[in-house]
Structures are given as structure tokens and as C-alpha cells.
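Reader: I'd like to learn how the terms for contacts and empty spaces are applied to a real example. Could you take me through one?

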Amino acid sequence: MSANPFKDKASPHSASAPPSAADYWADSLFRKLAMTCAGLIIALLAYILLEIGSQAMPAISEYGIGFVGGTTWDGSRDEFGVLPEIWGTLYSSILALIIGGIMGVTIAIFLTQEFLSQKVATVFRLIVELLAAIPSVVYGLWGIYVLIPMLRPVAGWLHTHFDFIPLFSTDLSGPGLAPAALVLAIMILPTVAAISVDALKRIPYKVKEAAYGMGTTRWEAILKVMLPTASSGILAALVLGFGRALGETMALAMLIGNSNQINLSLFAPANTLASLLASSFPEAGDLEIRALMYAAIVLLLLTFVVNVMGLAIQQYTMRKFEGKK
Amino acid sequence: MSELATPSASASASAKIPRLERQAWERRTLTNRFLTLLTWLVAILGSVPLFSVIFMLVSEGGARLDWEAITALPPAGFDMGGGFGNAIIGTLVMVAIASLISVPLGILAAIYLAVLGPASKLASASRFVAKTLTGFPSILAGVFTYAILVVNFGYSALAGGVALSVLMLPTVILAAEEAMKQVPQKMVDAAYGMGCTPTQVIWKVVLPTGAPGILTGVMLAVAGAAGESAPLLFTALFSNYYLESLMEPTASLSILIYNFSAMPFDNQIQLAWAASLVLVLIVLVFNILARLVSRPKF
């Protein structure tokens, strides 16, 4: 830093000065610090994987891959398997994705395709954002005291009249899959809607004008031009929404009933990986903690794969429309 | 083309041209109307839960919300009265700890991503990891913190704060990066042209100009962290007393709601609603602050 090339070039009367040695020193230090912090997030992910992995190691070596196929979770007999939880996680998330996905995409269309005046659209967008801001436990509480009592007569009627359909083969006695999936759908709706809105807004306006110019009705333009053009972005929205649903914890722990069984019925209690962690962790014994860490790894891998897929599709969409990077 | 030009040909063609105006009862028009109606219904249906939640919060929670509720300690079993003063303080303290950890680190990382090396391999890798981590199940932050802190030091407010900071960090990084990218390149170039070192450019131009956007991101991350419960479940645990040390189990609003929601006592359930109202208000305040510091771009 002593070889400052500008030092002797500076005029003695000038208000400006070349960077001092201290400036150079601070600059390189600060840059290194920022670079370290950028690396830190990668290190954090690696550390998370490593730490949970090493804590789970005893359980992984003890139960092996059979853990994923086992159907009992019994801390007193040291018997652990997460198949019912995987089933419950996927089942509730897929149901939520179907409901929340359809509603989210519809709301994205509603917000972007000139159904509303600018002002009303702003208000409606605020409603969707507020939906995302409400904490998970509050949805759980609402589910217990509003949604479940509301669903119970409907479920009872469906059960008595259509109990030959496996979906309605049990009655809703309290918490169960249906209220959990509905609340989950509400919770992923804002994610799906926000990313779909981005995808729809990215379509150049002339594409729609061209469609209208051909004499399409509004919905023909939406269904045959706008949605296919935005399809990859909407797919990304759905995949990322699905990832959210897989990892959601508290509302499900409160609503799904935490029962380790595999049942097709919408009204039977079930369990998910995340709510298994939430409900069993605080009182778990040593080996059970290891098994829970193993379950956490299963959950981590599941959401990781889904999220990376969603991000890759989103990246692809951005490239397709912006033609760069 | 030439046929159309002659009047006789165009007259004979006009007989064959279908009526091009849209007919009110045509199938296409009906489909269009039906789908529009359906969209309105879905949109209204989608906002029903929000209004229902708000209604319940105001009617159930508002009825129970008084000075005692926000200052007293949680009641036990059949006790009447009580409140959740310790949980409000616990939530605020843990969110503060999480912000102290994640905001400086997040902004520094964002500086690298947005200004120092936007196209570098490290930047694209960390950007990708940050995006992946935003979709990270929040309970895993709790599991991770349990493994690194709770196993050795026991349940504490500090562990709760660390768990929340894991969740806040990616949000802060991505939001701050986005905000710094909005700073006009001309201003950055002008600063370099005047002989600033990169650090001077960042401190005197990029950070002050991007501050509102960065602050918005921070506020949204804080709002998200305040509402989180899963990562606190087995890091901060719960406590029935006021916070005395950062190294002991700590109450939080969200865990209080979770615990009380499953209790068979009306008093606790009313308190859970009141606590929900307070929690939603805290989250909303940060959301509104986020909006106030920067006018929305869209």
C-alpha cells in the first residue's frame, strides 16, 4: 500500500486527495468481509446439512432405509418409521396444491387480466398479501375453532351418504386431513398467486393485443394465449407452493390430528413429517431424538428437491422472456 | 385480392361471410361469461378466510384484550384472568436477537452479491442457496439450532433468536440485493469517476440510496420472524415467568397460542385469541412500516 501511484500527482492546494493508505486498507478489508458473508450463507447450508446429518447418524445406521418404509413410531419400544408421515405430508400437500393452486392461479389471472380497475386491484393485492402475513399458529387456531366446526356437518353428510367412496370412509371427529389441507391451501395461495402474477406480467402486451386482434374473447385469449405463454412461470409457482406446503409445520400440527396411520379418507386424522417433529421433539428420549433428526433429513431432502426444481423452472422462464442471463 | 375489388364479386362473397359480431347467446360468449363469473367467485372465496380470521381476532381476541392481558403472567389450569406479558417481551427480545445477527450479515452478503461481484461464481452460488433457503421448512431451523446450541447450553432465548436468524438471513440477503441493484448505475459510475474506492462507493452512494429498499426487506423479514413458531418450539421452549436472562427458556406469543389452543379451558382459549390479535398487530405494524419506508414499485 506504500506505493500509492497518485501520491505525487496531487496538487497541494486541491480539496481532493487520493485514497490514503488507510483507505486502501479499509477497502480491501471491507471487500473481504463482504465476500466472507456471501460465502457464509453457503457455509450455513452446508453446516445445517452436516450437523443434522451427524446427529442423525446413529439412527441412520440403526434403521437404514427401512426407516422410510416403517409404519410405527413408538418411543417406548424404540421402533421408528416414517411412512405414514411421508404419506400424510404428500397427501395433504397435494390436496392443498390442487385447491390452493387453482385458486392462486385464478386470482393471478383476476389481478393481471384487467378484470378490475387499478384501485380495486391494489386493494385486492393487499388482501392476498395480508393472507400471507398472518402467522401459521393463528391459522391453526382459526382452523380449530372456525373451520373444523364448519366442516363437521359437511363431513358427516358426505360420510353417511357416500361412505363407499374411500375418500369419505370415516367421519371427521375433530382434527383431520381435510381441515389441515384447506388451511394449507389458504397458506400457499399467496405464494402461488404472487409468482404467477410475475409470470403473467412478463408477457409482452402485444401478445395479448395480437390475440384480441384475431377476434378472441377475453377467456379465449387467457386460456389459449396467456396461460400457455406463462405456463413455465406458473409451473414454477405451483412447484414452489408445493415446497411451502411440504414444510409447513404449526398449522398442521394443530389441525391434522397427529395420528400415524395411512388412510385415504379425507376426514381421518393423519400426520406429517414437520408436525411429527413439532409434536415429538420436546419430549423425546435420546434415541428418539436421533430418529427425529433422521426424519428431519427426509423432510429436508424432500423440500430441497422440490424447491430446486421450482427455482430451476423459474430461472428458465426468466431466461426465455428476457433473453439474457 | 383482385376479385374483392370488383363489386359483383364482393356482393356474392358477402352472402357467405358469417356474422362476425359477437352474439350474446353464442357458446363462446357464454363460456366467456361463465368463466368470468367463476373467477369472481374464486376471488371472493379466496378472501373469505382472511375476513373470517380478522372477524374472529377482533370479536374473540378484542373482547379479552385489556391491560391485564398484555401485562400479567399466563394463568395455570383453572385460574381465571392472567395474560401474556412475558410472551410479548419474549417475542420482541428474540426477534431483536435474530435481527442483530441476520441484518448485518445479510446486508454485507448482499453488498457482495449486488456490487462487488454480481457475476462471480460465489455470488451466483450464494444467491441460489439463499433462494433455496427461503423455501426451507422453518422447523428445520429449530432442529438445526437444537443440534448446535440446545444440546450443549439448554433451552434459551438466545437459541430461539439464532433459530429465527437462520430464517431471516436469506430474506434479508435477497431483499437487500434487490434494493441495491435499483441504485442507478450512473451514480455508482460517477462515484468511481471521482476516485472513490469501492468501499467508499458502497458506504456513500449505494447504501444511502438503497436504504429505503433495504429497510423494507428487513422489516418484512422481521414481520415474518415475529410470526414464526416452529423454530421456537424446542429452542426457546416456553416459560411462565418474565425474562430474566437470555440463557433460560423464554415465552413467545406464538408458542403461547399453540399451547393454549389445545387446552380445555375457556379462559386459556380466550387468551389465545387475544394473543393472536396482538401477534397479528405486531406483524402488521412491521408490514406497514415496510410499506411506508418505500413506496411500492408496482
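Reader: What makes the meeting of the side chains of R291(B) and E129(A) a salt bridge?

Author: Happy to start there! A salt bridge is a side-chain nitrogen of Lys or Arg within 4 Å of a carboxyl oxygen of Asp or Glu. The side chains of R291(B) and E129(A) stand at 2.7 Å, N to O, so the pair meets the rule. Side chains of opposite charge can pair when their charged atoms come close.

A word on the background: this is a predicted model, in which local features need pLDDT of at least 70 and side-chain atom pairs count only at pLDDT 80 or more, while totals for chains, interfaces and linings use all residues. Residues are numbered from 1 along each chain as its sequence is written, chains are lettered from A and ligands numbered from 1 in the order in which they are written, and side-chain values use heavy atoms, leaving out hydrogens and water.

Reader: How many salt bridges does the rule find over all chains, and how many across the interface of chain B and chain A?

Author: The count is eight over all chains. The pair we began with crosses between chains, from helix 12 of chain B to helix 4 (residues 118–133) of chain A. Helices here are DSSP runs (H or I, at least four residues), numbered from the N terminus. Across the interface of chain B and chain A, the rule finds two.

Reader: How do you know which residues of chain B and chain A are in the contact?

Author: Contact means heavy atoms within 4.5 Å. By that test, 81 residues of chain B and 78 residues of chain A take part. Chain B and chain A bury about 7,100 Å² between them, 79% of it on carbon and sulfur atoms. In chain B, L50(B), F144(B) and Y258(B) lose the most area to chain A, together 8% of what that side buries. Buried area is the accessible area (1.4 Å probe) that two parts lose on being put together, summed over both.

Reader: What makes a space a cavity, and what makes one a pocket?

Author: Both are sets of points on a 1 Å grid over the protein atoms alone: in a cavity a 1.4 Å probe fits but cannot get out, while a pocket is an open set with protein on both sides within 12 Å along at least five of seven lines. Lining residues have an atom within 4 Å of a point. Grid points are joined across faces, edges and corners, and a volume is the space filled by probe spheres set on the points.

The whole structure has three cavities of 30 Å³ or more. The largest cavity has a volume of about 50 Å³, and its lining includes L45(A), F304(A) and F136(B). Helix 12 of chain A gives the largest share of that lining, four residues. The second largest pocket has a volume of about 320 Å³. Of its 16 lining residues, L147(A), L182(A), I186(A), L45(B) and P49(B) lie nearest its centre, and helix 3 of chain B gives the largest share, five residues.

Reader: Why is F304(A) in the lining of the largest cavity counted as nonpolar?

Author: Ala, Val, Leu, Ile, Met, Phe, Trp, Tyr, Cys and Pro count as nonpolar, Asp, Glu, Lys and Arg as charged, and the others, Gly among them, as polar. F304(A) is a lining residue of the largest cavity, and Phe is on the nonpolar list. That lining has six nonpolar, three polar and no charged residues. For the second largest pocket, the division is 13 nonpolar, three polar and no charged.

Definitions and conventions: Helices (H or I, at least four residues) and strands (E, at least two) are DSSP runs, numbered from the N terminus.
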